[in-house]
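Work through the exercises below with the sequence and the coordinates open side by side. Each one sets a task and then gives a solution in steps.

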Amino acid sequence: MQYFHVAAGILRDPAGRILISERLCDGPFNGLWEFPGGKIGDGESAVDALHRELAEELGIDVTDSQAFMDLHHEYPDRTVDLEFFLVTGWQGEPRGVEGQGIRWVAPCDLDRAELLPADAPVVDAIQQMLS
């Protein structure tokens, strides 16, 4: 079974919407949506990975973030440990640098956004935090 350790960011725009990005891959999750981020490299901190991944995927420089939630999820073929961060400051305008779609979604609409199964507890936590 494959193992992945991932850092992901939760960005909110001035209107309170949350940024999600489309997964582009050859696997079973192609076309689903997720909170942007990616694998934490060997010897890399989760915060450093978050900054690197959001620069690579969204073309932004993170200036402020705080830990939000850690979770563990088991898929049939992989295990994922995810560290989520609230990204409260960044420079640049987020865009799909790697050709992926991105969209801003109202928190109340996140559960209808076809997100990855591992993201469900984060959606619940975001909606509770903002209600």
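**Exercise 1.** Is arginine 78 buried or exposed? Place the residue in its element and describe its surroundings.

*Solution.* The model is a predicted one, and every value below is computed from it. Begin with the element: arginine 78 belongs to strand 6, which covers residues 78–91. Next, take the accessibility: the relative accessible area of arginine 78 is 14%, and because the limit for a buried residue is under 20%, arginine 78 counts as buried. Then turn to the polar partner, where the side chain of arginine 78 makes a polar contact with the side chain of aspartate 77 at 3.0 Å. Finally, list the contacts beyond four places in sequence, which for arginine 78 are Met1, Gln2, Phe4, Pro28, Phe29 and His73.

**Exercise 2.** Describe three residues of helix 1, namely glutamate 53, leucine 54 and leucine 58, by their accessibility and their contacts.

*Solution.* Helix 1 spans residues 46–58. Start with the charged residue: glutamate 53 has a relative accessible area of 10% and is therefore classed as buried. Its side chain makes a polar contact with the side chain of arginine 52, at 3.0 Å. Setting aside residues up to four places away in sequence, glutamate 53 touches Gly37, Gly38, Lys39 and Leu58.

Continue with leucine 54, which is buried at 0% relative accessibility. With sequence neighbours within four places left out, leucine 54 is in contact with Leu11, Pro36, Gly37, Gly59, Ile60, Val62 and Val87. As a distance check, the C-alpha atoms of leucine 54 and leucine 19 lie 12 Å apart, with their positions 35 residues apart along the chain.

End with leucine 58, where the relative accessible area is 0% and the residue is again buried. Beyond four places in sequence, leucine 58 touches Leu11, Leu19, Pro36, Glu53, Glu93, Pro94, Arg95, Val97, Gln100 and Ile102. The C-alpha atoms of leucine 58 and aspartate 111 are separated by 22 Å, at a sequence separation of 53 residues.

**Exercise 3.** Which residues have the most contacts inside the largest nonpolar core, and what surrounds isoleucine 10 and isoleucine 20?

*Solution.* A general tendency sets the scene: in soluble globular proteins, nonpolar side chains tend to be buried together. In this model the largest nonpolar core has 24 residues, and those with the most contacts inside it are Ile10, Ile20, Phe35, Phe84, Leu110 and Leu115. Strand 1, strand 2, strand 6 and helix 2 (120–130) each contribute at least two residues to this core. Another core, apart from the largest one, has 13 residues, including Leu19, Ala46, Ala49 and Val62.

Now look at isoleucine 10, which lies in strand 1 and, at 2% relative accessibility, counts as buried. Not counting residues up to four places away in sequence, isoleucine 10 touches Ile18, Phe35, Phe68, Phe84, Phe85, Leu86, Val87, Val122 and Ile126. Between isoleucine 10 and glutamine 66, which are 56 residues apart in sequence, the C-alpha to C-alpha distance is 9.9 Å.

For isoleucine 20, with neighbours within four places in sequence set aside, the contacts are Trp33, Glu34, Phe35, Gly101, Ile102, Arg103, Val105, Leu110, Ala113 and Leu115.

**Exercise 4.** Characterise the largest pocket by its volume and by its lining.

*Solution.* First, the volume: the largest pocket holds about 610 Å³ of space. Its lining has 27 residues, of which Arg23, Glu34, Gly37, Gly38 and Leu116 are the closest to the pocket centre. Second, the elements: strand 1 (2–11), strand 2 (18–22), strand 4 (37–39), helix 1 and strand 6 each supply at least two lining residues, and strand 6 gives the most, with 4 residues. Third, the composition: 13 of the lining residues are nonpolar, 4 are polar and 10 are charged.

**Exercise 5.** Is glutamate 114 buried or exposed, and what is its phi angle near?

*Solution.* Glutamate 114 sits in the loop between strand 7 (102–105) and helix 2. With a relative accessible area of 54%, glutamate 114 is exposed. Its phi is near 55°, a positive value in a residue other than glycine.

Terms used: Residues are numbered from 1 along each chain as its sequence is written. This is a predicted model: local features need pLDDT of at least 70, side-chain atom pairs count only at pLDDT 80 or more; totals for chains, interfaces and linings use all residues. Side-chain values use heavy atoms; hydrogens and water are left out. On a 1 Å grid over the protein atoms alone, a cavity is a set of points where a 1.4 Å probe fits but cannot get out, and a pocket is an open set with protein on both sides within 12 Å along at least five of seven lines; lining residues have an atom within 4 Å of a point. Grid points are joined across faces, edges and corners, and a volume is the space filled by probe spheres set on the points. Ala, Val, Leu, Ile, Met, Phe, Trp, Tyr, Cys and Pro count as nonpolar, Asp, Glu, Lys and Arg as charged, and the others, Gly among them, as polar. Buried means under 20% relative accessible area, exposed over 50%, partly exposed in between (1.4 Å probe, protein chains only). Contact means heavy atoms within 4.5 Å. A polar contact is a pair of N or O atoms within 3.5 Å; within protein, one must be able to donate a hydrogen and the other to accept it, and residues adjacent in sequence count only if both atoms are side-chain atoms. A nonpolar core is a set of buried Ala, Val, Leu, Ile, Met, Phe, Trp, Tyr and Cys residues joined through side-chain atoms within 4.5 Å.
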